[in-house]
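Let's take a walk through this fold, one sheet and one helix pair at a time. Keep the viewer open and follow along.

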Amino acid sequence: MPRLENGLALLTKGYAWMPDLRRARGLRAAGTRLGGLPAVAVEGPEAARFLYDEDHVHRAHAIPEPVQGTLFGKGAVHTLDGEAHRVRKAMFVSVLMDPAAVEALVQRACADWDTAAREWATRPEVVLFDESARVIAGAVTRWAGVPLTRDEVPALARDLLAMVDSFASAGPRHWRARRARGRREDWLAGIVEQVRAGEDVAPPGSVLQVVAAHRDADGGLLDPRVAAVELLNVIRPTTAVAWFTAFSGHALARWPQHRARLAGADAAFAEAWAHEVRRFYPFAPFIGGRAPQRLEFGGQTIPRNSMVLLDVYGQGHDPDLWEDPYTFRPERFLGREIGEFDLVPQGGGDPRTNHRCPGEQITVALLAALAPQLARAPFEIPADQDLTISLRRIPARPASGVVLRPTAR
């Protein structure tokens, strides 16, 4: 394994670091060192299958404290393995993979979007990233059963975006996220305690009711603070769909030929659009865990306790998986069955049993509903803005946030 630390190279290259590392070695598995630990960068469906096998890779003690303290929260499901993970994961599956519940969230978000868009039309311009985050944050929080007034939504959306925007940062972005997480964990832990004490009533079957009543593998209720963490692990990643709505605006600006078809009633194309946005645009650069024992993959020895990192961005642009991978082409997903370990922006495998995100269905459904509403909306995406996307910034996003201006059409 290499002895030289690669953290600076990651900061310098961002999303390109891991693909460049593997290409330089001519391998799908390449040894490196990150954060002082030996690590192996892997890519491809078989690599994803390898990573999501709990005999190979564990999540416990694998997520760095700065990421737990900002993005996921301390004690989150992401940090568990084995039976503890399966029991906690079942709680999420029960509310996030119920088709009726997903449809109810989509309808609420679409209605809120329509209301917001009428207000946007009264302004000279709006920033799509910020405004879509407010719409989604308000919709998902109320859908989850958490009481929230309209006036509270902007501050909540800012805090949720700060948590996501910090996961690969230091300095002001990082400390802003820690403060935001502390505020929101305090708020939600208090609500959980009120529900358990009978001082407030959670809507039956809501995320709030399920989390407040959940018993872990040891038979005990979640600590109120951990319950707050898991509530945020529904509300926060759903609000992060704002990154994909902004990327959708970016795609409409660069490839306007898709606008008419996306604006139509073609549900299959809208879903294909959602998949292509998640494949093409950069969000998480990689995901990973730790090897509990000495392993071998792709001709590379993986020492015990080393990190195993799946190159998510590289896999989304692998020419062996995707023809013309740097071309934005939603129709590539029409009539295509997607393997469990092919498209992995939110993990691989079965979300019911392993670490693949159970909220992926919500992400796709929301994006497939909101992107057509964006395409139909009477707004233009003016050319006089900075739509560049820096691959050095993690998580990446269009520099301008995608400015929209009302049109007369």
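Glu380 stands opposite Arg405 in E9. The strands behind that match-up are E8 and E9 (residues 403–406), which pair in the antiparallel sense over 2 bridges; two strands are said to pair if DSSP finds at least two bridges between them. Helices (H or I, at least four residues) and strands (E, at least two) are DSSP runs, numbered from the N terminus. This is a predicted model, where local features need pLDDT of at least 70, side-chain atom pairs count only at pLDDT 80 or more, and totals for chains, interfaces and linings use all residues. Residues are numbered from 1 along each chain as its sequence is written, and side-chain values use heavy atoms, with hydrogens and water left out.

Zoom out a little and E8 and E9 turn out to belong to an open sheet of 3 strands, in the order E3-E9-E8, with antiparallel pairing. Its edge strands are E3 (126–127) and E8 (379–380), each of which pairs on one side only.

Now for the other sheet. Here 4 strands line up as E1-E2-E7-E4 in an open sheet with mixed pairing. E1 (29–34) and E4 (286–290) sit at the edges with a single partner strand each, so one side of each has no neighbour in the sheet. From one strand to the next, the twist averages 30 degrees. Angles here run from 0 to 180 degrees between N-to-C directions, and axes are lines fitted to C-alpha atoms, for helices over the stretch in contact.

Where does the mixed pairing come from? E1 and E2 pair in the antiparallel sense over 6 bridges, with Thr32 opposite Ala39 in E2. E2 (residues 37–42) and E7 (residues 307–311), on the other hand, pair in the parallel sense over 4 bridges, and there Ala41 stands opposite Leu309 in E7. Helix H2 (residues 17–25) packs on this sheet, touching E1, E2, E4 and E7, and its direction makes about 130 degrees with that of E1; contact means heavy atoms within 4.5 Å.

Back to E1 and E2: they form a hairpin with 2 residues between them, and Gly35 in the turn has a positive phi of about 60 degrees. Although E1 is an edge strand, 5 of its 6 residues are buried, so the rest of the structure largely encloses E1. Buried means under 20% relative accessible area, exposed over 50%, and partly exposed in between (1.4 Å probe, protein chains only).

On to the helices. The axes of H8 (residues 153–165) and H11 (residues 224–239) come within 9 Å and cross at roughly 85 degrees, and the two are therefore roughly perpendicular. For the labels, angles under 35 degrees count as roughly parallel, over 145 as roughly antiparallel, 65 to 115 as roughly perpendicular and the rest as oblique. At this crossing, Leu160, Leu161, Met163 and Val164 in H8 meet Leu232, Ile235, Arg236 and Thr239 in H11.

H4 (residues 65–72) and H9 (residues 172–196) have axes that come within 8 Å and cross at roughly 55 degrees, so this pair is oblique. Among the H4 residues that meet H9 are Glu65 and Phe72, while the H9 side includes His174 and Arg181.

Last stop: Ser248, in helix H12 (residues 241–254). Is Ser248 buried or exposed? With 1% relative accessibility, Ser248 counts as buried. Leaving aside neighbours within four places in sequence, Ser248 is in contact with Trp273, Val277, Leu367, Ala371 and Leu374.
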